[in-house]
Amino acid sequence: MSNLTDQKVIDGKAMAARLREAVGEQVAHLQTHHQVTPGLAVVLVGEDPASQVYVRNKARHAGEAGIQSFEHRLDASVSEPALLALIDQLNHDPAVNGILVQLPLPAHMGETRVIQAIVPAKDVDGFHPVNVGQVAIDGQGLTPCTPLGCKLLLEHQLGDLSGRHAVVLGRSNIVGKPMANLLLQANCTVTIAHSRTQDLPAICRQADILVAAVGRPGMVKRDWIKPGAVLIDVGINRIEEDDRTRLTGDIDFPAVQDLASAITPVPGGVGPMTIACLLLNTLQASYQQLGLPFPDGLAERAWQAQATTC
Ligand code: NAP
């Protein structure tokens, strides 16, 4: 078993395996005590290779956690009304507790309209405005999976985040903005930086916690880092090299590794936690739809547990 504490390179893969296991145990509890099996519907439109891999991984991990997975693969030419009709059907299907529409959608679809068609209670991606608002108000809505995963990694590493200066690089609706909200709720002092920010290195040097979600390989350099900072690299950049595709993050990992007190690698950091948090959200949605209180401290229990699937 790997020891998850005191690691400088944060093992997101191992932590995600433990979280998935804890979700699986709670799914078994729901089945035994409430005769309910959580269900996750994943909708994929088109043939985008990366999306196909993501959808396959989500379905596999859902199945391993005992969550029933319903895959809907639609042709790229499908009309928006046909997709909305499928979402409506899933909204009303009692076997489906969570609905995820894999993004990006083909250009002829209105992403906002499609996301808003998902009933908020089943919006396990946390992108519906009702959940976005709820998360911003009190952190109680279904939270976007990637920022939720980052927050769990940070809390495991640092415990209480109160008073830390967190810099979030990137302001997208799916990563940067919800990440900033979660850190604010955790009582960090939060700075959000983006493409119009002036003197990014100076701003990043103030960060006790730096979350990079930009999509530019190795953009964060050594002289951007405050010694002892915790670095969370959300970026997934595909580099073509010698007929192979290599994944790399937004942080220049080899250059900064010795300066950071902890850092997530790419791959093997935030990515696996994103899928584990999708399962966590599906479980939470199932509890809420049953009118049951969601058990506290599931992630903390996961970190303490013996892992069998790291
Ligand atoms: P996005 O929607 O393209 O947003 C990128 C953000 O970075 C924008 O806010 C943009 O600023 C900012 N930015 C771009 N260039 C910049 C620069 N030179 N200096 C400062 N800021 C800059 O991307 P996203 O969806 O948030 O994703 C970000 C990265 O995370 C991507 O690599 C993506 O693949 C990865 N990702 C990973 C996971 C995971 O599970 N690990 C999940 C989601 C995304 P403006 O707003 O001013 O344009």
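Which residues line the largest cavity? In this predicted model, the close-ups below start there and then move on to other spots.

**View 1. The largest cavity and its lining.** Here's the answer to the opening question: Ile99, Leu100, Val101, Leu103, Ile115, Ile118, Asp123, Asp125 and Phe127 line the largest cavity. Its volume is about 50 Å³, and the count of cavities of 30 Å³ or more comes to one. Strand β3, residues 98–101, gives the most to this lining, with three residues. Sorted by class, the lining of the largest cavity has seven nonpolar residues, two charged ones and no polar ones.

**View 2. The second largest pocket.** This one is an open pocket, with a volume of about 660 Å³. Its lining takes in 23 residues, and Gly139, Leu148, Lys151, Gln284 and Phe294 are the closest to its centre. Four helices, α6 (145–158), α7 (176–185), α10 (270–290) and α11 (298–304), are the elements that give two or more residues each. By class, the lining of the second largest pocket splits into nine nonpolar, nine polar and five charged residues.

**View 3. The ligand and its shell.** There are 21 residues around the ligand, and Arg171, Ser172, Ser195, Arg216 and Thr274 come nearest. Look for a polar side-chain atom of Thr274, which sits 2.8 Å from an oxygen atom of the ligand. The backbone joins in too: a polar backbone atom of Ile236 is 3.0 Å from a ligand oxygen atom, and a backbone N or O atom of Val234 lies 3.5 Å from a ligand nitrogen atom. On its own the ligand has 930 Å² of accessible area, and the protein covers 70% of that. Helix α10 supplies the largest share of the shell, three residues. By class, the shell holds nine nonpolar, 10 polar and two charged residues.

**View 4. Thr264 and the cis bond at Pro267.** Both Thr264 and Pro267 belong to the loop between β10 and α10. Thr264 counts as buried because its relative accessibility is 0%, under the 20% cut-off. Its side chain reaches the backbone nitrogen of Asp233 at 2.8 Å. In the loop with Pro267, a cis peptide bond joins Val266 to Pro267, with omega at about 0 degrees.

**View 5. Another cis bond, at Pro104.** Leu103 and Pro104 are joined by a cis peptide bond, with omega at about 5 degrees. Pro104 sits in the loop between β3 and α4 (111–117). Leu103 also turns up in the lining of the largest cavity.

**View 6. Ala17 and Val270.** Ala17 is part of helix α1, residues 12–34. With a relative accessible area of 2%, Ala17 is buried. Follow the chain and Val270 is 253 residues away from Ala17, yet their C-alpha atoms are separated by 12 Å.

**View 7. Two aspartates with positive phi.** Asp199 is not a glycine, yet its phi is positive, about 50 degrees. Asp199 lies in the loop between β5 (189–193) and α8 (200–204), and counts as exposed because its relative accessibility is 51%, with the cut-off set at over 50%. Asp243 likewise has a positive phi, about 65 degrees, without being a glycine. Find Asp243 in the loop between β8 (237–241) and β9 (244–248). At 86% relative accessibility, Asp243 counts as exposed.

Notes: Residues numbered from 1 in each chain as written. Predicted model: local features only at pLDDT ≥ 70, side-chain atom pairs only at ≥ 80, totals over all residues. Heavy atoms only, no water. 1 Å grid on protein atoms, 1.4 Å probe; cavity = no way out; pocket = protein on both sides within 12 Å on 5 of 7 lines; lining within 4 Å. Points joined across faces, edges and corners; volume = space filled by probe spheres on them. Nonpolar A, V, L, I, M, F, W, Y, C, P; charged D, E, K, R; others polar. Near = heavy atom within 4 Å. Polar contact = N/O pair within 3.5 Å; in protein donor to acceptor, adjacent residues only side chain to side chain. Areas by Shrake-Rupley, 256 points an atom, 1.4 Å probe, with all protein chains shown as cover. Buried < 20%, exposed > 50% of the residue type's maximum accessible area, 1.4 Å probe, protein only.
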